[in-house]
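Me: Got a structure open here and a few things to sort out. Mind going through it with me?

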Amino acid sequence: VAPEPPVIEISSNVDGSNGEFDYGKPLIARCISRQGWPGARLSWYLDGAKVAGDQLGAAFSETKDRRTTVQQFFRKPVAVEDNRKQLVCRAEHPKYPQGYVEVALPIKLRKSSNSDNEIKVDSKVSKAQPSAPRLIISSDISSLKAGSTLVVECISEGGQPAASFLWFMDDQLIYEGLSTPFLTKDSRGSITVQQVLQRTLTAADNGKALICKARHPSGVQETRLRLAVN
């Protein structure tokens, strides 16, 4: 017996009015496949990549009158680079025409301004403050044009624990064009974090400030680049 199509239920970190998620908070979702015989097999994908490990809870099934309902939890802190990705739950069953049915949850970050993203400092945490972030610009900053691609790397060195980055164009949080942060640790346990932004410039970017903000339990530091777009 083919089960009902799977559904995803969200139990945390979502604004019910518009389906947007907050950066840095855990997304907890449950996938449910109801009334199949035998029960469906569930799997999760984030933007096409199969999810495994501690982001998934154990699959739980309940059977009554030869009908099985299967459910599984997904948990992950939402990162800036998750914006506009698709979280997919796939239910596999031999009675489905194609062998499986999927349900997708689009991840959309709630828009926030620069001032919304300060962090609280916990004086009880043992920490080493990183150096102020610095920018390395791969593009020719003297000849930026609308339609050209700006490539900038932000680096924070010597933090313990590692700093995390937020990028802004003036006071608007940047979601797209960010690489996964790259972390390296030295012999003393201090961590250097690097992240690259690639952004196609527009005429409206002229005169705006590109900001890389490094957040750390010891405080928040930032560096700015004023853009001159021809």
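Me: Which strands each supply at least two residues of the lining of the second largest pocket?
Reply: Strand 11 (164–169) and strand 14 (191–200). This is a predicted model, by the way.

Me: And where does the largest share of that lining come from?
Reply: From strand 11, which gives four residues. The lining has 19 residues in total.

Me: Which of them lie nearest the centre of the second largest pocket?
Reply: Tyr23, Glu81, Ser164, Phe165 and Pro181.

Me: What volume does the second largest pocket have?
Reply: About 250 Å³.

Me: What's the lining like by class?
Reply: The second largest pocket has 15 nonpolar residues in its lining, along with three polar and one charged.

Me: Back to strand 11. What sheet is it in?
Reply: An open sheet of four strands, with the order 12-11-15-16 and antiparallel pairing. Strand 12 (172–173) and strand 16 (219–226) are the edge strands, each pairing on one side only.

Me: How many bridges between strand 11 and strand 12?
Reply: Two, in the antiparallel sense. Met169 is opposite Gln172 of strand 12.

Me: What comes just before strand 11, in the loop from strand 10?
Reply: Pro161 is found in that loop, between strand 10 (149–159) and strand 11. The peptide bond joining Gln160 and Pro161 is cis, with omega about 5°.

Me: Where else is there a cis peptide bond?
Reply: Between Trp37 and Pro38, where omega is about -5°. Pro38 sits in the loop between strand 2 and strand 3.

Me: OK, cavities. How many of 30 Å³ or more?
Reply: One. The space in this largest cavity is about 40 Å³.

Me: Which residues line the largest cavity?
Reply: Leu27, Leu46, Phe74, Lys76, Pro77, Val78, Asp82 and Ile107. By class that is six nonpolar, no polar and two charged residues.

Me: Which strand gives the largest share of that lining?
Reply: Strand 6 (residues 67–77), with three residues.

Me: What sheet does strand 6 belong to?
Reply: Another open sheet of four strands; the order is 1-2-6-5 and the pairing is antiparallel. Its edge strands, each pairing on one side only, are strand 1 (7–10) and strand 5 (60–64). On average, neighbouring strands of this sheet are turned by 20° against each other, direction ignored.

Me: How many bridges join strand 2 to strand 6?
Reply: Nine, with strand 2 (residues 26–36) and strand 6 running antiparallel. One bridge pairs Cys31 with Gln72 of strand 6. Another pairs Pro26 with Pro77, and Pro77 is also among the residues lining the largest cavity.

Me: And how many on the strand 5 side?
Reply: Five bridges join strand 5 to strand 6, again antiparallel. Lys64 stands opposite Arg67 in strand 6.

Me: How many residues are between strand 5 and strand 6 in that hairpin?
Reply: Two. Asp65 in the turn has a positive phi of about 55°.

Me: Now Asp47. What's its phi?
Reply: Near 55°, a positive value in a residue other than glycine. Asp47 is in the loop between strand 3 and strand 4 (49–50).

Me: Last topic, confidence. What does pLDDT average over the protein?
Reply: It averages 84, and 89% of the residues score at least 70.

Me: Which elements have the lowest and highest means?
Reply: Strand 13 (residues 182–185) has the lowest mean pLDDT, 82. The highest, 96, belongs to strand 3 (residues 41–46). Leu46, which lines the largest cavity, falls within strand 3 (residues 41–46).

Me: Where does pLDDT stay under 50?
Reply: Over residues 113–125. The model has 26 contacts beyond four places in sequence for that stretch.

Definitions and conventions
Residues are numbered from 1 along each chain as its sequence is written. This is a predicted model: local features need pLDDT of at least 70, side-chain atom pairs count only at pLDDT 80 or more; totals for chains, interfaces and linings use all residues. Side-chain values use heavy atoms; hydrogens and water are left out. On a 1 Å grid over the protein atoms alone, a cavity is a set of points where a 1.4 Å probe fits but cannot get out, and a pocket is an open set with protein on both sides within 12 Å along at least five of seven lines; lining residues have an atom within 4 Å of a point. Grid points are joined across faces, edges and corners, and a volume is the space filled by probe spheres set on the points. Ala, Val, Leu, Ile, Met, Phe, Trp, Tyr, Cys and Pro count as nonpolar, Asp, Glu, Lys and Arg as charged, and the others, Gly among them, as polar. Two strands pair if DSSP finds at least two bridges between them. Axes are lines fitted to C-alpha atoms, for helices over the stretch in contact, and angles run from 0 to 180 degrees between N-to-C directions. pLDDT is the predictor's confidence in each residue, from 0 to 100. Contact means heavy atoms within 4.5 Å.
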